[in-house]
Amino acid sequence: MMDPLIWHKVAAISGMAALGLGTYGSHIFKPQDPAYKQVWQTASLYHLTHTAALLATPLTKNPTIFGGLLTTGILAFSGTCYLVAYMEDRKFSRIAPFGGFAFIGAWASLLF
């Protein structure tokens, strides 16, 4: 069985990435279309919020499910939003809803 405290390391890596990407988005990222700045901010908000939730993963009844779904959500939703914003092309947005469903699944897993 996997040590549930591994999720703190996952949260540490994700948190560093969230802060780095958030800082990049706030201070360096200058898209031609300003609407993509908001897409980046949304990615950053969901990334950092769900990274904070990862810290509670070892306390859950099913840490592998909760942490795995949160991590999948961060990668699929926030990662897709970062890519859409950076490329300034919404054709890359098809994966984002799967990330959203992963977030919902993670939170729903706390019911069981």
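**Exercise 1. What covers the buried residues of H4, and which residues are they?**

Ground rules first. This is a predicted model, where local features need pLDDT of at least 70 and side-chain atom pairs count only at pLDDT 80 or more, while totals for chains, interfaces and linings use all residues. Residues are numbered from 1 along each chain as its sequence is written, and side-chain values use heavy atoms, with hydrogens and water left out.

*Step 1: pin down the helix.* Helix H4 covers residues 96-109. Helices here are DSSP runs (H or I, at least four residues), numbered from the N terminus, and strands would be E runs of at least two.

*Step 2: list what is buried.* Buried means under 20% relative accessible area, exposed over 50%, and partly exposed in between, using a 1.4 Å probe and protein chains only. In H4, the buried residues are Ala96, Gly99, Ala102, Phe103, Ala106 and Ser109.

*Step 3: look down the axis.* The buried residues of H4 fall within an arc of 140 degrees, so they line one face of the helix. That arc is taken from the directions from the helix axis to the C-beta atoms.

*Step 4: name the cover.* H2 and H3 are among the elements that cover the buried residues of H4. Contact means heavy atoms within 4.5 Å.

*Step 5: check the other side.* Turned away from the buried side of H4 is a face with the exposed residues Phe98, Phe101 and Ile104.

**Exercise 2. Compare the end-to-end spans of H2, H3 and H4 with what you'd expect at 1.5 Å a residue**.

*Step 1: set the yardstick.* Expected span is 1.5 Å times one less than the number of residues in the helix.

*Step 2: H2.* Its 20 residues reach 29 Å from first C-alpha to last, close to the expected 28 Å.

*Step 3: H3.* With 25 residues, H3 should span 36 Å, and its end C-alpha atoms sit 34 Å apart, which agrees.

*Step 4: H4.* For its 14 residues you'd expect 20 Å, and 20 Å is what separates the end C-alpha atoms.

**Exercise 3. Work out which residues line the largest pocket and which helix gives the most to it**.

*Step 1: define the site.* On a 1 Å grid over the protein atoms alone, a pocket is an open set of points with protein on both sides within 12 Å along at least five of seven lines; a cavity is a set where a 1.4 Å probe fits but cannot get out; lining residues have an atom within 4 Å of a point.

*Step 2: get the volume.* The largest pocket holds about 170 Å³ of space. Volume here is the space filled by probe spheres set on the points, with grid points joined across faces, edges and corners.

*Step 3: read off the lining.* Among the lining residues are Val10, Ile13, His47, Ile74 and Tyr82.

*Step 4: assign helices.* H1 (6-27) and H3 (63-87) each supply at least two lining residues, and H3 gives the most, with six.

*Step 5: sort by class.* Seven lining residues are nonpolar, five are polar and none is charged. For the sorting, Ala, Val, Leu, Ile, Met, Phe, Trp, Tyr, Cys and Pro count as nonpolar, Asp, Glu, Lys and Arg as charged, and the others, Gly among them, as polar.

**Exercise 4. Place Ala11 and Leu48, then say whether each is buried or partly exposed**.

*Step 1: Ala11.* This residue is found in helix H1 and, at 4% relative accessibility, counts as buried.

*Step 2: its contacts.* Setting aside neighbours within four places in sequence, Ala11 is in contact with Thr51, Leu54 and Leu55.

*Step 3: Leu48.* Leu48 belongs to helix H2 (residues 35-54) and is partly exposed at 41%.

*Step 4: distances.* Ala11 and Leu48 are 37 residues apart in sequence but 9.6 Å apart in space, C-alpha to C-alpha. Leu48 and Ile74 are 26 residues apart, with 8.8 Å between their C-alpha atoms.

**Exercise 5. Where does Glu88 lie, and what is notable about its phi?**

*Step 1: locate Glu88.* Glu88 lies in the loop between H3 and H4, just after H3.

*Step 2: check exposure.* Its 26% relative accessibility makes Glu88 partly exposed.

*Step 3: read the backbone.* The phi of Glu88 is near 50 degrees, a positive value in a residue other than glycine. Most residues other than glycine have a negative phi.

*Step 4: look along the loop.* Arg94 is found in the loop between H3 and H4 too, and counts as exposed at 70%.
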